[in-house]
Amino acid sequence: MAAEIVNPRSKNNTDQGGSAEPLDSFDPAFALHRGGKMAVQATVPIRDKDDLSLAYTPGVARVCTAIAENPELVDDYTWKSSVVAVVTDGTAVLGLGDIGPEASLPVMEGKAILFKQFGGVDAVPIALACTDVDEIIETVVRLAPSFGGVNLEDISAPRCFEIERRLQERLDIPVFHDDQHGTAVVTLAALRNAARLSGRAVGDLRAVISGAGAAGVAIAKMLVEAGIGDVAVTDRKGVVSRDRDDLTPVKRELAEFTNKAGISGTLETALDGADVFIGVSGGTVREEAVASMAKGAFVFAMANPNPEVHPEVAHKYAAVVATGRSDFPNQINNVLAFPGIFAGALQVRASRITEGMKIAAAEALAAVVGDDLAPDYVIPSPFDERVAPAVTAAVAAAARAEGVARR
């Protein structure tokens, strides 16, 4: 029997439980989570001995033998080609930080049910009790035969970059770090529509990204790939630029393809005259800095739960405002991207997810808005039933065009 979760604020609460009040009794989040949020369900019936003999021995042996002789059959005769491993080490969970693998499981379960709900993709949460880069890579490589793709989740930067890169080099299935690429895809989609609304192209825009972690780096790369006019990325010490001697290898690479204008100094310096602010760092941007941006600017303040620029402030100066929150318009939500991206990749049994596939996902997502485009509607809702099919189809087509599809 599972140990009872108790209210830490209860006077009777002790580590031993006793008669303390269950957390379920006052917090609906705990009530929803009791027993977990997911389960394994059979897709075939076991009604009698004939069913049993087909689903298990002796019938299963014929399938095993066929796969042993032709390993590619595993995609046709198991769930491998439709299931994703959601892998974390618990070092960067939401805004909670390094809380460990056990505490990460509610988030990983949540991610798995989002895969199923919004993309029709089965997913299995895997929380690893190790944080060493080599150990994580070796563990995932050994688990990979069971899965059609790997979604890396809530692994701290800069380790996440190396882990993703090396896993993709060793595996022939898609490896996708959603904190990086999911955020970047949805951001680009919203930015394309904001630019369209204002009669500009992405190439006309100068953007400033606050945050040089996983999301900030990926967004910068995707904006450059999409033809942004210019983009500068800032960290705690200011603009990431070639003249700094304190950059990590990832930031040195970032400095090579960003900041064509050669801006140096603080975030506020970079924002002067900028067309776009993209916040993925937390903290607060002073109103004076927002006011210094170009007329008709876009403010995407995506820190959760507290945006870098509160929407009330942003709306004084910006033509389009987006956040990471669901209680404001234009939510930049990764669930708009990753279910469809994986569904498309798995559909064609892609060996990887390319930059072209991600750009295609962003374009398809932006196109869902269509003629309904408005300042408070530059990105669709996760509950818009057109989203996943559009992204899935675009990603599958891009995979075929780029030569990474295997069917």
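**A surface patch, a central strand and the nonpolar cores**

In this predicted model, leucine 52 lies in helix H2, which spans residues 49-55. With a relative accessible area of 45%, leucine 52 is partly exposed, and together with Val44, Ile46 and Tyr56 it makes a nonpolar surface patch of about 420 Å². Leucine 52 can belong to such a patch because its relative accessible area of 45% is over the 30% that patch residues must exceed.

Strand S8, formed by residues 276-279, presents a contrasting setting, in that Val276 and Ile278 point one way while Phe277 and Gly279 point the other way, and all of these residues are buried. In a regular strand, the side chains alternate between the two faces of the sheet. Strand S8 pairs in the parallel sense with strand S5 (residues 206-210) over four bridges, and four bridges likewise join S8 to strand S9 (residues 297-301), again in a parallel arrangement. Isoleucine 278 of S8 stands opposite isoleucine 209 and also opposite phenylalanine 300 in S9.

Phenylalanine 300 appears again in the largest nonpolar core, which holds 104 residues and in which Leu167, Leu171, Leu223, Phe300, Ile341 and Met357 touch the most other members. Helix H15 (residues 355-369) supplies the largest share of this core, namely 10 residues. When neighbours within four places in sequence are left aside, leucine 167 is in contact with Ile137, Val140, Val141, Leu152 and Val175. Apart from this core lies another, of 20 residues, which includes Ala232, Ala274, Val285 and Ala314. In soluble globular proteins, nonpolar side chains tend to be buried together.

Technical notes:
Residues numbered from 1 in each chain as written. Predicted model: local features only at pLDDT ≥ 70, side-chain atom pairs only at ≥ 80, totals over all residues. Heavy atoms only, no water. Patch = residues over 30% accessible without salt bridge, like charges linked within 9 Å, V, L, I, M, F, W, Y side chains within 5 Å. Areas by Shrake-Rupley, 256 points an atom, 1.4 Å probe, with all protein chains shown as cover. Salt bridge = Lys/Arg side-chain N within 4 Å of Asp/Glu carboxyl O. Helix = DSSP H or I, 4+ residues; strand = E, 2+ residues; numbered from the N terminus. Buried < 20%, exposed > 50% of the residue type's maximum accessible area, 1.4 Å probe, protein only. Pairing = 2+ DSSP bridges. Core = buried A, V, L, I, M, F, W, Y, C linked by side-chain atoms within 4.5 Å. Contact = heavy atoms within 4.5 Å.
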